[in-house]
Each structure stands twice: as structure tokens, then as C-alpha cells.
Amino acid sequence: MGSRIELAERAAIRGEEHRLAGRFAAAVEEFTVAVDLVPEYAYAIGSRGQTLNAMGHFSEALADLDRAAALDPELGWVYAERVELLLACGRTDEALADYDRMIELDPDDAAAHRGRADVLWTYPERDDEALASYGRAIELDPEDFWALAGRASMLRAVGGFQEALADLDRAIALHPEVPYAHFVRGQAHRELGRYDEALADLDRAIGLDPGKGSAYGERGHVLCDLGRHEAALADLDRALAEDPDESELLVLRGQANLALGRPAMALTDLDRAVELDPEDVVAVGARAFVQYELELFEPAFDDFTRAIELGHDDKAMYEHRGMAALRLTRLEEARADFDRVLEADPDDVGVLALRGAVHRLLGQNYRALGDLLRANELDPAIALVERQLEEMLQQAVPAPEFVTDMARALVVLEHLDAEEERMEAEEFTEIASSLWAEDDPPPDDPAEVSRRLARDSRDPFALAVRAVQHRAAGRPAAALAGLDEILRAEPANWWAAALRRAAEPEGSAADDDLAWAYRLRRFGLRPGIEVICAMAVAGGADLLRRMFPQEVETLMFAPVVEVSEGELL
């Protein structure tokens, strides 16, 4: 047995000599001889795996390294060789276990600590652990360039820019010829807004390795931030030529083209970025803005919504989604988004103007007026606000005329169900209340009616209110008596004649100019409001103005107005 071991050891020595000389086929042959002589010779098996790895025979290499580690768990170099193969296969959990085993065998192995930290990049929830491993590697070897650069990269990724810069300065002092540290330092400077320093570092990285596309991409990012979009495009084109599917660079190039007034070109890049990663909130949000610019409002609205769902729920997203909804005449959705913006910033003049426009399109002119007046107070120079206010004032109608128009429209309505009649009655009641001051009691308030009759027992309005109250209570004779009293004093009082007709059984009188009076009853108006309706229909605005004089006449707005959306946005 001893002679077989000796022969195997001599074969393994020859194999190692061949391996070190780059004669890999001869090395594999000698290691195989050694293994054939001693099948459990872990060193020879591991060395053959190491050689096969160098030859590119990865599966055979991994099989040998697995077997060697199983036969002799103390061979640390076997783990070091195998870990690279495991990482190449995406088997990160096993690679991490190998680094842990290497550190267990040699706690002062700086390279193992650094390698372990590099693997931990794939576990975002373990950033602190990775930083600790980099820190231990640097303690063991303060001149480990890649440990310093790796820790700096991770610090930058988690927002520790100043600490990252300190590590990068050390790394660059050790090896100024390595472009990677200049590249990462350029990234850190950009994220701190130090654009001159960022450009200097990235120029240096490109000078050291002109073929490295990532440095061009990062410099393109800096140039975009500086608004130098043409120069940025040149760098981004260079970077994307190397990696056409780099989503972040596609987004940047799309944004640069949009800034240069080339939205169609921008959309091509952003479509590809979203195709590559549908969850990329930056790409989705950027595409939404481009689609809006191209007046593709439906897909723009969908992308704004998706970006918000993905977490990009800032003010600009809601504002522009509201604008897209407005252009699609989805007015309630537009208003909801503008409401959201104004909850966060009540004095956003532009959004106040937009919400005012939405309120106008919805026929809610008083809400529109509130928004537009507030916007005008904040910034009187906004042409959109000034124009809308002028239009609203041109469309305003004095209250008596407005109530008259609405009353005459009310009595000709037909084929309404009970709910529609109730809503019409509520709307007219609200409109009619514009005839008296807000602080004054309604003229049909019982106490007010009594005061009017105490002042003048023949007050036609008060008598009419009483008559309608009698009719509503099922006392038609009393109602007719009260209205006859008015007509005896004023035989040509057509509104009182209409109320009298309404108090009679329907069909009992000729179908004449007062036939509309029967329709007053179906709305269930308050007695005073019914009297006002009859006055308005029969006597018009002049009569209302005499009956309800106002020191400052109230202006009313029609419920629906025409607003050109294209002029608003």
C-alpha cells in the first residue's frame, strides 16, 4: 500500500508542475494517475478539479472539488477554488457557505472576508453584515484595494457617501491606475451634487479604460443632471452600444431626448426600459410624461397610475395624472387628483387653476370661483386664471333673471320620476334663496310671514304663502279664499291667479295660459318657494326685484359652461 501512496504522491507532484507551467492536459493526466492509485487522495482530486476549471471544464471541475472537500474538509484552498465556480453557477448560498468554512479554517484570511462581503451584495437585507466583512478584511490588510473599493461601493449604495469617498481616496492612493475606484468616486460625487468633481473622476476613469461603457453611462447621467443633453446623448449612445438593454441608461437617454424636444425617440427607449423591467418605477413614470407630451393621454394616465402604485406617489405624478384625466374628460378623477395635490400644498397656483377649470366643466361654478379667486390672489399675473375669471363674469346673471329662467324651465319639465323631481326641487330651492341676504330669515319663515302681515294685512306675498300652506294641509277652501283676497285687490295679478289654479282640482278649468300652474304641485316645494316660482314664471325678473330688493345684487352662474380644454393645459 505504501508504494501505491508514494507513486500517487509522485504523480501528483508531476501534475502540479505541469499545472503551474500551463500544461493542463498533462497535469490532468498525472492527477488522474494519482487518483487511480489512491481513489481517496483528496489533494490529487482537488488539484485535478483546479486544473479542469482552468481548462473551462466547469462541471467536471466542480465534481472533483466537491469530492475533495468531502474527503478532506480541512483543505481551505479547495473551497477557495470551488467558490468561484459556485458563483458562476448562481449558487450563492453554497458559495457563502464555502467562504464561511474558509474563515472558520483561517479567521485571518483577509481575501475570504472580502469574498464573503462580495457575495453578500446579493442579499440586500444583509448590508450591515457585508460592511462588517469588508471592515474585517481591511483590518487584516489595510492595503487591500478591492476591499476598500467594495466597501465604498456598498456605502454609496446605502447612502453613506462621505464614508465611501474616504475609502475611495485610500484606494486611489494605493492604485491610481485602476479605473474602477475613479468610476465609483464619480458616482458618489454626482449623488452629492458635486458635478465638477464627478466629471473629473469619470474623465479619468474613461482615460484609463476608454472601452468601458459604464463610465460613459455615468458621465451621461452627470451631463443630464447639468442640462447638457446633447453631450449626454453622445455618452449614453456609447454606453448603450456596449449594453443595449441597460434599463437605467435607456431611461436617461429617453429623458434627454424629451428635454431636447424629441418625445417620439424618447418613447422608443422608455418602451424598451419598461419591457425589460415592468416594475421599474422610474421608467414607468418617465414614459408617462413622454406619453402626455405626445398627447397619448389614455396610456399616459395608465402609466401615471402604475407609477403611483409602484410607490412614486409624489405631487407631480398626481398633478399630471389629473391633467391627463382632464384631457380625457374624466372630470371626477381629475378633481380627485388635484384635491390630493392641494391637500399637501393648498397654495399651488397652477393646480388651483386646473381644479377651477374642472369645477367649471362640472357646472360647479361657485367652487370654480373659489379656486380661481384664490389663485388670482396668490399670483395675479397668471393668464389662465385671469381669462377664466373674465369668462365667468361675462356669463354671470343677476339673481332675479337667473331664478326666473330656472323657474320657467322647472314648470315645463316632464316625465320625471320621484327622485328626479326631488332633486329638481332641492336645486330650485337653493337657487331661490339667492333673492335674500344670507343672514336674513327666509321670507316664508312663519315668524317672518306673521311680521309681514302685522305690517300690512294685505301683503300679497304673505297671503299667498298662507294660501299654499292651506292647500298643502288639505284645506283648499281656505287656500282659495286667501288667493281671492289678493286677486280682489289686484285683478291682473297673474302669479296669484296661477297659484289659485294650482289650488283647484286638476282638469276643472280650461286649458289656457295658466295650465302650467298645476305642475307647481308635483315638486313639493316649500310654500314660499312655490310662491316665488309662480311669481318668476308669471311676472319675471322685474317682479322678483320689486318683491326682494337687494342693495348689492347677487350674480349667479349657469350650471354648465363651455371651457376649451386645450386652452387650459
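Here are some questions and answers on helix packing and one pocket in this predicted model.

Q: Why is H9 called roughly parallel to H11?
A: Happily, one number settles it. H9 (residues 145-157) and H11 (residues 179-191) pack at an angle of about 20°, with axes 10 Å apart. Angles under 35 degrees count as roughly parallel, so H9 is roughly parallel to H11. The crossing of H9 past H11 is left-handed.

Q: What makes up the contact of H9 with H11, by class?
A: From H9 come Phe145, Trp146, Ala149, Ser153 and Arg156, and they meet Tyr180, Ala181, Val184, Gln187, Ala188 and Glu191 of H11. By class, that contact has seven nonpolar, two polar and two charged residues. Tyr counts as nonpolar here, so Tyr180 of H11 belongs with the nonpolar residues.

Q: Why is H29 called roughly antiparallel to H30?
A: The angle between H29 (residues 494-503) and H30 (residues 527-547) is about 155°, and their axes lie 8 Å apart. Angles over 145 degrees count as roughly antiparallel, which means that H29 is roughly antiparallel to H30. H29 passes H30 in a right-handed crossing. Trp494, Trp495 and Leu499 of H29 make the contact with Glu530, Val531, Ala534, Met535, Ala538 and Leu543 of H30.

Q: How do you know which residue is the charged one in the contact of H29 with H30?
A: The contact has eight nonpolar, no polar and one charged residues. Glu counts as charged, so the charged residue is Glu530 of H30.

Q: What makes H22 oblique to H23?
A: The axes of H22 (residues 365-378) and H23 (residues 383-395) come within 10 Å and cross at roughly 140°. Roughly antiparallel needs an angle over 145 degrees, and roughly perpendicular covers 65 to 115. The angle of roughly 140° fits neither class, so H22 is oblique to H23. Their crossing is left-handed. Among the residues in contact are Leu369, Leu372 and Asn376 of H22, with Val385, Gln388 and Met392 of H23. By class, there are eight nonpolar, three polar and no charged residues in this contact.

Q: How do you know which helix supplies the largest share of the lining of the second largest pocket?
A: This pocket has a volume of about 280 Å³. Of its 18 lining residues, Phe183, Ser214, Glu246, Glu248 and Leu249 are the closest to its centre. H11, H13, H14 and H15 each supply at least two lining residues, and H13 gives the largest share, five residues. By class, the lining has four nonpolar, five polar and nine charged residues.

Definitions and conventions:
Residues numbered from 1 in each chain as written. Predicted model: local features only at pLDDT ≥ 70, side-chain atom pairs only at ≥ 80, totals over all residues. Heavy atoms only, no water. Axes fitted to C-alpha atoms, helices over the stretch in contact; angles between N-to-C directions. Helix = DSSP H or I, 4+ residues; strand = E, 2+ residues; numbered from the N terminus. Left-handed = near helix turned anticlockwise from the far one by under 90°. Contact = heavy atoms within 4.5 Å. 1 Å grid on protein atoms, 1.4 Å probe; cavity = no way out; pocket = protein on both sides within 12 Å on 5 of 7 lines; lining within 4 Å. Points joined across faces, edges and corners; volume = space filled by probe spheres on them.
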